[in-house]
Amino acid sequence: MIDYRNEKSGVFPSVCSLDCPDQCGLLVHKEDGKIVKIEGDPNHPVTQGNICNKVRHMTHRLYDPKRLEFPMKRVGAKGEGKFERISWEEAIKTIHARWTDLIATEGPESILPYSFYGNMGKLNSEGLDRRFFHRLGASLLDRAICSAAGSTGYRYTMGGSFGTDPEETIDTKLFIFWGVNAVSTNMHQVAIAQKARKKGAKIVVIDVHKNQTGRLADWFIPILPGTDSALALGLMHVLFAENLVNESFLETYTVGHAELREHVKQYDPDTVSTITGVPVEDIYELARMYGTTSPAFIRIGNGMQHHDNGGMIVRTVACLPALTGQWLVHGGGAIKGNGGFLAHNSSQLERPDLLENKQTRVINMNLIGKALLELEKPVRSMFVYNCNPALVTPEANKVREGLLREDLFLVVHDLFLTETAMYADIVLPATSSFENLDFFASYWHHYMQIQEPVIEAYGESKSNTDVFRMLAREFGFEEECLFDSDEELVKQALDFPESTWLEGITYDSLKENKYVKANRKSLMEEKLKTPSGKIELYSQALEKIGLPGLPTYTPLVKDNDHPFLFIPAPNHNFLNSTFSNNEKHISLEKVARIHINQSDALELGIEDGEKVKVWNERGECELVASVGDNVLQGVLVSQGLWADLPGTKNLVNALTPDRVADMGGGATFFSGRVSISKIA
Ligand SMILES: Nc1nc2c(c(=O)[nH]1)N[C@H]1C(S)=C(S)[C@@H](COP(=O)(O)OP(=O)(O)OC[C@H]3O[C@@H](n4cnc5c(=O)[nH]c(N)nc54)[C@H](O)[C@@H]3O)O[C@H]1N2
Ligand SMILES: Nc1nc2c(c(=O)[nH]1)N[C@H]1C(S)=C(S)[C@@H](COP(=O)(O)OP(=O)(O)OC[C@H]3O[C@@H](n4cnc5c(=O)[nH]c(N)nc54)[C@H](O)[C@@H]3O)O[C@H]1N2
Ligand code: SF4
Ligand SMILES: [Mo]
């Protein structure tokens, strides 16, 4: 068997490890042991050789002179960013000593792992780390920062992350991109839609911002933030009223359609128009278009679930395909996420059985600022990996105040000295995904892939799995599973006879075939994982937790009197905060903008291209105004999680609320209110 690392030059298969639904197949070009070029693999059945600009320029990040090469310890004041090189041995021994002390004095729950999906590889994001922290007895982290509200909402309707096979949407006639900036965040769904458009398909985009995706639409529908459930209910009103529903589908595959029919009578287009800002005639037109075009497909984005009512919004939109019976149509239906089909054996990989105290506390990652500052039994140490909370988490000023705590022992494992690492006591260098073995499952298409290491570890950097093996050894833990090799971990995770979808997906088949597809049927051929086994238009489970059983519009929380709703969305050339510190990607993105409606700008005397101050009681930042008609009045949209360099005030999360959404403990990044003004 060849180990690609031993080959000085050549072209080798790889996987994009970034947190992006497309999960492209890659070809990595190597010369003299270094990656010199990354391109798409034309043989990937879905991504077909096209990749985004971000990853095309990945070598600038992999070999950025700022990349961490060795472990360091803090020598200056907290947050000052003064570090000194140390050995791995000293780093691991220091962590072991501090944690042993903490466990003896305050218990293991005083230690908190803090991670997300900076690397989507299963072993490096939810493998040995989970085993190690379970064995340690550390506090548990609720990883609710990304899609928790929407996935939970979708689950109440559809039973889990199961939707349309995106490959089938090549035959779709109507695409609705709803709260998703797909040109930037799911480019291959757009590529499929563009091909379908050549065969007559229409593309509708519903968004609060006419961004690159809105500009590509045949019809762009601007909507006021957090009101999408009202729009969906208005569409249902018209569909029922005009007999555009599929009665036999409703009868056979859903529960609660009679109740829903009554319930949506109150959501007439006049009422809905007042709530959403969408004109009455557009509501009728969209409903009729949706009710008479088949196959019709809705791509449900993450943007519209980053709201106080985000769970209910997604649950409501997810009811639409059932009304028209689109789940029976090839190319019809919806995708919020498709991760359910490729779910691996997570209990075998993560080993929750190693956690002795089943009452161990759980801390929601969205509330980390609060947790660091207010918990009665304090978090005394945090181990951060695959994540950059000082930049990406809401109420960032609170987070930073927490990270500055003198008594907090902070370890950060990353490829770069991130904003979070600046506060660390110990910094550990991480390998990139190209340096490790791992397996990957897309949450949009249906292919599983394997990454075999292509290059040697950079400097002294180590993979996440290696770091947790080292820690387990230092602690003297004896459970063999804490030392399983990466290869063994892949095999254990894929050993999952309970899943028919994973049939044929094994370590060996992945190595041999590179792209192996989930063995799925059409959704209605299987019993859904809802309590009733059907699509739940009415959900008893929701009522039990005190939420309306039927899809319902609830307004956003109004926690202050600032006049604007602020939507700090992602941008095209960064991936969350990844790339925000790499010159090449910054130069492509140019400047941190905030979009404002021209009427609002006129009233405030703000001119296009001018620097403005945006603030609320949580904090402030300074961005460059983009004046026009890309957002409705009363709405401000920024794009990108910009690096927080000295001399800049780009930290948009200084303004975002740390309230949690209606479902799943989700984040409410887009439900904050702010003021904006010229900088005098
Ligand atoms: N280039 C790039 N790609 C990415 C990322 C990135 O940062 N950059 N991040 C990755 C990650 S982790 C994720 S979760 C996904 C996120 O990607 P998406 O699912 O596209 O979600 P967002 O980009 O957060 O928001 C999508 C859109 O929702 C709009 N929006 C906000 N509020 C509302 C609302 O109330 N109603 C409606 N209808 N629209 C609203 C925003 O204007 C935005 O255009 O993308 C992934 N891919
Ligand atoms: N205002 C606002 N805030 C947001 C969002 C928004 O739309 N608006 N989006 C939210 C969403 S959807 C998400 S998913 C979060 C994402 O937020 P994060 O999870 O923080 O994602 P990134 O900013 O990409 O940071 C990932 C980090 O992991 C590191 N990393 C990569 N690979 C490895 C590895 O193998 N090992 C280790 N140890 N480290 C590695 C990278 O270098 C990078 O520093 O941000 C959220 N924050
Ligand atoms: S970030 Fe997304 S589009 Fe870009 S290469 Fe990775 S998976 Fe493909
Ligand atoms: Mo995300």
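Helices and strands here are DSSP runs, numbered from the N terminus, with a helix spanning at least four residues and a strand at least two. With that in hand, welcome to a set of close-up views of a predicted model.

**View 1. Asp308 sits in a loop and reaches toward Val557.**
The loop that holds Asp308 runs between strand 12 (296-300) and helix 15 (310-317). Is Asp308 buried or exposed? With a relative accessible area of 9%, Asp308 falls under the 20% cut-off, so Asp308 counts as buried. Its side chain comes to 3.0 Å from the backbone nitrogen of Val557.

**View 2. Helix 15 is mostly covered.**
Follow the chain from the loop of Asp308 into helix 15. How many of the residues of helix 15 are buried? The count is eight of eight. Among them are Gly310, Gly311, Met312 and Ile313, and the list also includes Val314, Arg315, Thr316 and Val317.

**View 3. Ser294 and Pro295 are joined by a cis peptide bond.**
The omega angle of this bond is about -5 degrees. To find Pro295, look in the loop between helix 14 (280-292) and strand 12.

**View 4. Ligand 3 has a shell that includes Cys16, Cys20, Cys24 and Cys52.**
Which other residues surround ligand 3? They are Leu18, Asp22, Gln23, Ile51, Lys54, Val55 and Met187. Sorted by class, the shell holds eight nonpolar residues, one polar residue and two charged residues. For some context along the chain, an unreviewed UniProt entry carries the annotation "domain: 4Fe-4S Mo/W bis-MGD-type" for residues 9-66. In the model, that stretch is 16% helix and 34% strand, and its end C-alpha atoms lie 25 Å apart.

**View 5. Gln23, one of the residues around ligand 3, has a positive phi.**
Gln23 is not a glycine, yet its phi is about 35 degrees. The residue belongs to the loop between strand 1 (10-15) and strand 2 (25-31). Gln23 is also buried, because its relative accessibility is 2%.

**View 6. Asn386 is another non-glycine residue with a positive phi.**
Here phi is about 55 degrees. Look for Asn386 in the loop between strand 15 (381-385) and helix 19 (389-392). Why does Asn386 count as buried? Its relative accessibility is 14%, and buried means under 20%.

**View 7. Ligand 1 has 31 residues around it.**
Those that come nearest are Thr185, Asp207, Gly226, Asp228 and Phe574. Three polar contacts are worth finding here. A polar backbone atom of Gly226 is 2.7 Å from an oxygen atom of ligand 1. Asp228 uses its side chain instead, with a polar atom placed 2.6 Å from a nitrogen atom of the ligand. A polar backbone atom of Phe574 also lies 2.7 Å from a nitrogen atom of ligand 1.

**View 8. Ligand 2 is surrounded by 30 residues.**
Val392, Asp414, Pro568, Ser577 and Thr578 come nearest to ligand 2. Where does Val392 meet the ligand? One of its polar backbone atoms is 2.7 Å from a nitrogen atom of ligand 2. The side chain of Ser577 places an N or O atom 2.5 Å from an oxygen atom of ligand 2. Asn119 takes part as well, with a polar side-chain atom 3.0 Å from an oxygen atom of the ligand.

**View 9. Gly256 and Ser539 are brought together from separate parts of the sequence.**
Along the chain, 283 residues separate Gly256 and Ser539. In space, their C-alpha atoms are 7.9 Å apart. Gly256 lies in the loop between strand 11 (254-255) and helix 12 (257-263). Because its relative accessible area is 12%, Gly256 is buried.

**View 10. The second largest pocket has a lining of 23 residues.**
This pocket holds about 380 Å³ of space. Which residues lie nearest its centre? They are Asp3, Arg5, Asn436, Leu437 and Pro453. Helix 21 (464-474), helix 22 (486-494) and helix 23 (507-513) each contribute at least two residues to the lining. By class, the lining divides into eleven charged, eight nonpolar and four polar residues.

How values were computed. Residues are numbered from 1 along each chain as its sequence is written. Chains are lettered from A and ligands numbered from 1 in the order in which they are written. This is a predicted model: local features need pLDDT of at least 70, side-chain atom pairs count only at pLDDT 80 or more; totals for chains, interfaces and linings use all residues. Side-chain values use heavy atoms; hydrogens and water are left out. On a 1 Å grid over the protein atoms alone, a cavity is a set of points where a 1.4 Å probe fits but cannot get out, and a pocket is an open set with protein on both sides within 12 Å along at least five of seven lines; lining residues have an atom within 4 Å of a point. Grid points are joined across faces, edges and corners, and a volume is the space filled by probe spheres set on the points. Ala, Val, Leu, Ile, Met, Phe, Trp, Tyr, Cys and Pro count as nonpolar, Asp, Glu, Lys and Arg as charged, and the others, Gly among them, as polar. UniProt positions are given in the numbering used here, feature names are shortened, and annotations may be inferred rather than shown by experiment. A residue is near a molecule or strand if one of its heavy atoms lies within 4 Å of it. Buried means under 20% relative accessible area, exposed over 50%, partly exposed in between (1.4 Å probe, protein chains only). A polar contact is a pair of N or O atoms within 3.5 Å; within protein, one must be able to donate a hydrogen and the other to accept it, and residues adjacent in sequence count only if both atoms are side-chain atoms.
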